[in-house]
Every structure is written in C-alpha cells, then in structure tokens.
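Hi,

Here is the structure I promised to pass on to you. Have a look at it first, and then read on for what turned up.

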Amino acid sequence: MLKTSEIAPRFPIMQNKTLILVIRYLFMILLAFLLFGVILLISGKDPLKSYADIFTYTLGSAYGFSEVLVAMIPMLFTALAVALPARVGLINVGGEGQLYIGAAFATFGALTFSSLPAWLLLPIMIILGMAGGAMWAFIPGYLKSIGLVNETITTLLLNPVAPKIIGFLIFGFWHSPMDTVKTPNFVAAARLPTFFGTRIHLGLVIGFILLALFWLFMKYTRWGLEMRAIGNNAQAARRNGIPLKKYLIVVMCTGGAIAGLAGMSQVSGFYGVLLLNFSLSLGYMGFMVSWMAGGEPLGIVLMSFVVSVIITGGNLLQLTRGVPYSVINLLLAFTLFVVLARPSLFRGKKS
Amino acid sequence: MLKPHSTSNSYLNAVTMRGITKAFSGVLANDNIDLDIYASEVHALLGENGAGKSTLMKILYGFYRLDSGQIFADEQPVMILSPHDALAIKIGMVFQDFSLIPALSVMENLALFLPKLPAVLDVKGINNHIREVSERYGLDVNPEALVSQLSIGELQKVEILKLLLADARLLILDEPTRVLAPHEVQALFKVIDSLKKDGYAIVLITHKLKEVLECADRITVLRNGKVAGTLLRSDATEEGLISLMFEKKLGTPTVTHKKVSPEMVSPLLVFRDASTHAEGLEISLTAIDLRVNPGEIVGVAGVSGNGQKELGELAMGLIRCSQGKKFIFGKDFTEKSVQEVRMSGVAFIPENPLTMSIAPFMTVLQNMAITRTKKYAKRGGLSMDWQAVRGDIDRSTQKLGFSFPLYIPARSLSGGNLQRMVVARELIDEPRLIIASYLTRGLDVQSAIAARQALVQARDNGAGVLLISEDLEELFALSDWLVVLYAGKIVGTFRPAETNVYEIGHLMTGSEVEHAEN
C-alpha cells in the first residue's frame, strides 16, 4: 500500500526516460554514421550507396537479418560477462581469454563423449564450457580478492595466453587428420540446434534468457542487493558484513562462465568445430557493447544488434564497394566514441 | 608579485543575500532566505542538522547554484557560479573535510591556492609572507612541515591561512570546532577575534549554542530551510535560541544511570593483550586489555588518530590481531570474519557513515536492508520482503524519534540524517554488543540526545557498548568505565566519577606533548 503510493508517481517519468534514452542512442548512432560518411567520401566512395548496401544486405532481407542475429549471439554473452562483474566494481577485460578456454573445454566434451545423445551431450558441453571460462576468471578473481593485483591487468594479460593453449591442444592432440589448425567436425549431437533453416542457433535463446535472468537477479534477489551495495561502496559493504571476497571471486567466475558459454555456443552452434583463433575479438567486442549499453540488459541487446549490423554490413561492403574491412573498424570506433562521449555532448542541451 | 593582503585596498564591506531558494530533488533546503553579512563581524549561522546552513553558505561560495534569489557584494549584484568566482569577490570557505594535499608541504599547499601563482616559486618570499600573516593572527604553523604530519588543529589553521593569503575578506567556517580539542577551540576563537578586529567578516556555521554565545556578534537561526530569526548577541539567550532552533520546546530528556550489577557476569567483549600491525596510515594498537560487560558502556576517550578507528575495526574483525586474543560473547573470535561478528549480534556504527556504512546511490530503504539481507530474504533469497524492512524501520525510528525519507538515494541525505539512518539501522535487531564510533558526530542536540538515550536503553536492557568518542562530556555522562587511548595504547582506565576532564585531557594529549596554544 505504502509501496505503490511511493512508486506510482515515478513510473511515467521512468517511461519517459527510457524513451528519451532510446531516441538519444539512435541520434548518437546517426552521428557516428555521419562521421563515417566523411571517411567514405575521403576514400572516394559514395557514402549513401554504401549505407544503402549495408542496410539492404543486413536488414532488407530475411537472410541478412538472420546473419545479423547470428553475429549478435556471442556478443550477448561476452557483454554480459563484462556487465555482471561491473556491478561489483570489477572490470573484466578477459572475455576473450575466457571464451577461448570455454570453447576448449566444450570441445573436449564434444570429442570425448561423442557417442552420447544430444540431450545429454549438449548440457555436458555447456557445463564444461562454463567451467572452463570460470576457471580462467578464477585466477584474476582470486588475486583481486586477496588484494594482490588489479583484475583489469590480469584479465587483459591472460587473454593472449588462452589461444596459445588452444593451439597446443589442437596441434598436440585434437587436430583432424586432414587439417592441423582445427579439430575434426563435431558430431551432430554436439551441435546446438538451429532454427528456420538459418544459422541462428539455440545460443540466441540462451543469451536472451541469461540477460533476463541477470535483470531479475539484480533487481529482486537478496544477492543482487548485496552486489549493488558492493558496487556502490565496497568498504561500507565490507563493514556491513557482506562477504566481499567471496562475492568478488564468485562474480568474477560467473562472468568468466558466461564468456565461456560464448565460446561453447560459437564452437557448437556456429562453427561445429574448434578452429585456431576463431574468436576474432568477440570478447573485446562484448566489452565495448557492455560499456556502450551502460551494463543494462536491454541496452546490451540494442547495442550488440547495432554492432552486428555494422560488422555484417562491413563484410559485404568489402565485396560490393571495395572498402577494406579495416575501415569498418573505424565506424565501430566512431560509434564507441560517440556513445561514450554522450554525457558531455548532450548534457547541456537536454537538461 | 605577491600582493600582501594588508595593502589590498578594496575591502568587502557587506554581502547581502536576498530571497535565496534552493531545492534538492524536490526538497527545499533553502526557502527564501535573506541574510546580511558585514565586515568586522562574526555572524553565527545556527540551526539543526538539515536546517540549510551549509547549503546556504555553499551557495555563497559558488559550490551550489541557487534556484532563485540574488546576492550582492557591496550593493553590486554578483553571480557566483564557482568557488573561483567567490574568491574573486573575496569570499572564502573552510569545509568540514579539509582539502589539503597531504604529500605537499604547508607552503606548497598555500602557494597552490595563491590567486596569481608565478611560474617559478619565490619560496623565501612566500614563506616570509606566510610567517607574517600567521604571526599576525596567531595561526602559527611551520611552512616547511608536510601537511600529512600536521594535527587537525594545525590543518585548520592552514585552511584559514590559505584563504587569508588568497585575499579573502569574508571567511565561512563550516563547523570549525567539530574536530578540535577544547584548548584548540579557545585558540580558534582567539584567531577569529583578531581577524574580526582587522575588518574581516566571519560566518560561523554551527549547531553548538555555547560557541555561538561565546564568540558571535550576530546570530541567524535557520529552521527547515527558513530564517527563524536574527538577533544580536546581546539579545540572545540560550533558551531563546533553542526555541528558535526547534519548533517545539525541547523536553530535557535525562540520561539516567541504571546500574546493573556486573558481578559474575560473563563479559561480552574482551581484548586480551591484543596488538595489531599498522598498514599504511593506520595506527598500531599495542597490548590492548579491555572488557565490556553486559549492562556497561565503556567509553574510549582520545584525540582522533590515536587508534580509535583501529580499535573499532579490530572489534568488528575488519583487522586481525597480530598478537593476543579477542573474545565476543565468551567465544574466541580472534580469527573470525566481520560477517561472523555481525551475525552473532554485534552492531557497528562506524565513524563516517558516508564512506564506511552506506551505499550512496541506493535508496535509504535498500541501505536499511543491506546489513541483514538474509533476514529479509523471501523464497530463499529470490526476492526481498520490503514490507518487513519498512516495519523494522518504523519500529526503530519511532523508538528513537527519528524520521528520514526512505525512497531517495542515501547520498542525498544530509550528514545528520545519514547518521540517524545508520543508528536506526544498527539498533533494529536489539544487538547485544554495540560498537559505536563518534555516535553523535554531525547530529543536532535533539538527535544526539535520542541517540545517546538509545544506547543507554540498550545498556539498561543488558547490552554492552563500546563507545568511542571525542566528546568528553558525552563520555562522562554515559560511560560506566572510561579508558583513554593514546598512540595505540590504553593509557588509563577510570570510573568516570573518580576522575575529571583535566586528568583525561592530560592523558589524551600525552604528557610529553606540548601544545603551543596552551
């Protein structure tokens, strides 16, 4: 009774805020495209036609759209792997490494238990993938919790180590008879099911579910409340009897587990095989998405969608317009720049 | 290059504030306030916590922007948008929390604040200038000393010097005596007096009546963001001011001593020869022997920075004994974590609520729940029983006579309300042992009495209290035992009735320490 009367007047404001936020984001992305248009002009391409290409190939056809969603899947996970630890003030730059280790563990499952049926094998792979990512994140989490090293440094420095381990495993044990840079193809039971004859796989659903769970968890649960307290003021949380060290380790490992799941979903849902260096900075991409989204689940969906449009569109631009792929990184950089510069750019006008 | 303040000819004669209004997220902190400040005058700004004193002065210092109203300096309308603007019209402010850089020397700190800092420092010139000004007003500090080595009283002198060197003519002091020992307060009043004689205007923000009556020329009382009255010192009486400060007459709640005979009861908290190793800026505790029995308040006196913070944290398990033992409720808690200490029924009111006790961006309601999320958990923790939290808050605040809003971020509470929130939270579960550091810091008279009464009530119900405080009056009034902490050691244990303020004060400052002001 008390509650509703207190909250009710705030609700319309909240809706208004969300609307303003969405409009603002769209405006910012427009700005990024404008800036990038200048680059295209300078390199002698027609920006309007290039953009038309990007959008018709990605959003204009069912196939293009499905490809965007496919590209989005790993980013949902890796962004969440950043957003969750960020709630307790941990900066996880190690999504890339955690993803690789997760993929390696899942691959181990796929190769070892290949005779099992899918309903058993896939959960095993998921658990293994998460365990791998969590293990990789445990190292920085533990070192942070005993106050030894900053997690930003350790997660980052562990990133280049992980692909080396994958390389060692593939070259040493797992490579297929035909090809030394990848494992044999997974059996059908080790593949995540795909939908509608496209490459969209179950990972998308799992990603959305995880994001929803994340939102519910932070908003309603006891542990979400304690995590917010830690993120707000870790010293006070400690004095208030919240087990800070435990949270730092567990949350970091959970973040790692989610990144590991990204690796699992890539090898099982997308490639069907473990390739050397398959990630192409999906971990870093997730970091960018999470920061642009302010760590909010809905924002993560929106931002990973935008980034996916740019990446898939960029791939096509390379073919149709002869724009080098690296130029697409410029567009991504512009987007990141505009979004992160938002507070100082728009504060004066809007408020 | 350096312009000595004495030659500056443009004195500030009067600052006038008219119709000053300022709201924070809908709450009116200042409501149409008029205030006049004249040169050669000490103007006290008196009021309860959250009455709007600090807000009003922070507006004058350009720290906050006013919503409406006007400020005139010598009858010229002025726009003060930043502290820089304020200094340009010779208004300066000393905040409650000092803003000096510890790693630099006094001289360097002061030089940084000079209006025209030359590219190459004339160290000698600045030093001489500092000495000249500081001798004139009795603000003696060694310009070459590092700020990190100064006592709190000295820090305050440096803050005042900083403003004088920056040529401020109106000095705003925000609760300057809060952190000072009694003799330091007297020294400060002397400084204020000599400044006044030289034509400075001084605004003293405070809620201590005695100080106001001792050194103010004019007194403005604020209540709920409005001016409740402005009087000359000669017209002011203690009762008059109190009735202006509080709408209703203050009943004088008495703090009673009900003795519980402590024979043969098992102590709640025992330190046996407990020592710690200091890390960073901490103080090492050495061979602490202390016991808190049920139904006892053990007061810990001392000048802050002598191990009080560490003693509280040691009791809570935030730092560990390097030697010796700690027992809580008769069990060995030497190696137990802060969670286990809290779970066993120990409440903790740390010295600084903002940095040590609350999550600033979470609402007050959420903050009230974070110490015992397990208790309020529903469905195994999947959701929280906010109804129960509110119920507990209602009960606790009613008992204490506090009230504060629940649905705003804790950050937007005033200092006094924050402390009320923490006190109310910590006393919810009727703890058996309460560790309270600077319980009444920042609280106004009424709330301080309520908080003290809460402790006494808990004591009478058989709880033990370790009360760490700098307020000797409070300690003498409440304590069953009084220990003095100096340089990390307990240098004296007394029954309050068997000692006096002078003996304690002597022990607090250490016999070999000489204070120049004395």
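In this predicted model, Ile370(B) has 26 C-beta neighbours inside 10 Å, and because 20 or more are enough for the label, Ile370(B) counts as buried. Along the chain, Ile370(B) sits in the loop that joins α12 (364-369) to α13 (373-376) of chain B. What does Ile370(B) touch, once neighbours within four places in sequence are left aside? The list holds Leu225(A), Glu226(A), Ala229(A), Asn240(A) and Ile242(A) from chain A, plus Ala359(B) from chain B. If you want a distance to check, the C-alpha atoms of Ile370(B) and Ile358(B) are 8.8 Å from each other, with their positions 12 residues apart along the chain.

That brings us to where the two chains meet. Chain A puts 22 residues into the contact and chain B puts in 27. On the chain A side, α1 (2-7), α10 (222-232) and α11 (234-239) each supply at least two residues. Of the elements on that side, α10(A) gives the most, with 7 residues. Sorted by class, the chain A side that touches chain B comprises 9 nonpolar, 6 polar and 7 charged residues.

Next, the domains of chain B. There are three in the assignment: domain 1 (5-245), domain 2 (252-345 + 429-510) and domain 3 (352-427). Between domain 2 and domain 3 of chain B, the C-alpha centres are 24 Å apart. Contacts link 12 residues of domain 2 of chain B with 12 residues of domain 3 of chain B. Which helix provides the largest share of the domain 2 side that touches domain 3 in chain B? It is α16 (residues 445-460) of chain B, with 5 residues. The domain 2 side that touches domain 3 of chain B splits into 6 nonpolar, 2 polar and 4 charged residues.

Finally, a helix you may like to look at: α5 (residues 152-165) of chain B. Its 14 residues reach 20 Å from the first C-alpha to the last, close to the 20 Å expected at 1.5 Å a residue. Because 12 of those 14 residues are buried, α5(B) is largely enclosed by the rest of the structure. Among the buried residues are Gly153(B), Leu155(B), Val158(B), Ile160(B) and Leu165(B), and also the charged-type names Lys157(B), Glu159(B) and Lys162(B). Just beyond the end of α5(B), Asp167(B) adopts a positive phi of about 75 degrees.

Happy browsing, and do write back with any questions!

Methods: Residues are numbered from 1 along each chain as its sequence is written. Chains are lettered from A and ligands numbered from 1 in the order in which they are written. This is a predicted model: local features need pLDDT of at least 70, side-chain atom pairs count only at pLDDT 80 or more; totals for chains, interfaces and linings use all residues. Helices (H or I, at least four residues) and strands (E, at least two) are DSSP runs, numbered from the N terminus. The expected span of a helix is 1.5 Å times one less than its number of residues. Two residues are in contact if their C-beta atoms, placed from the backbone, lie within 7 Å. Domain bounds come from an automatic or database domain assignment.
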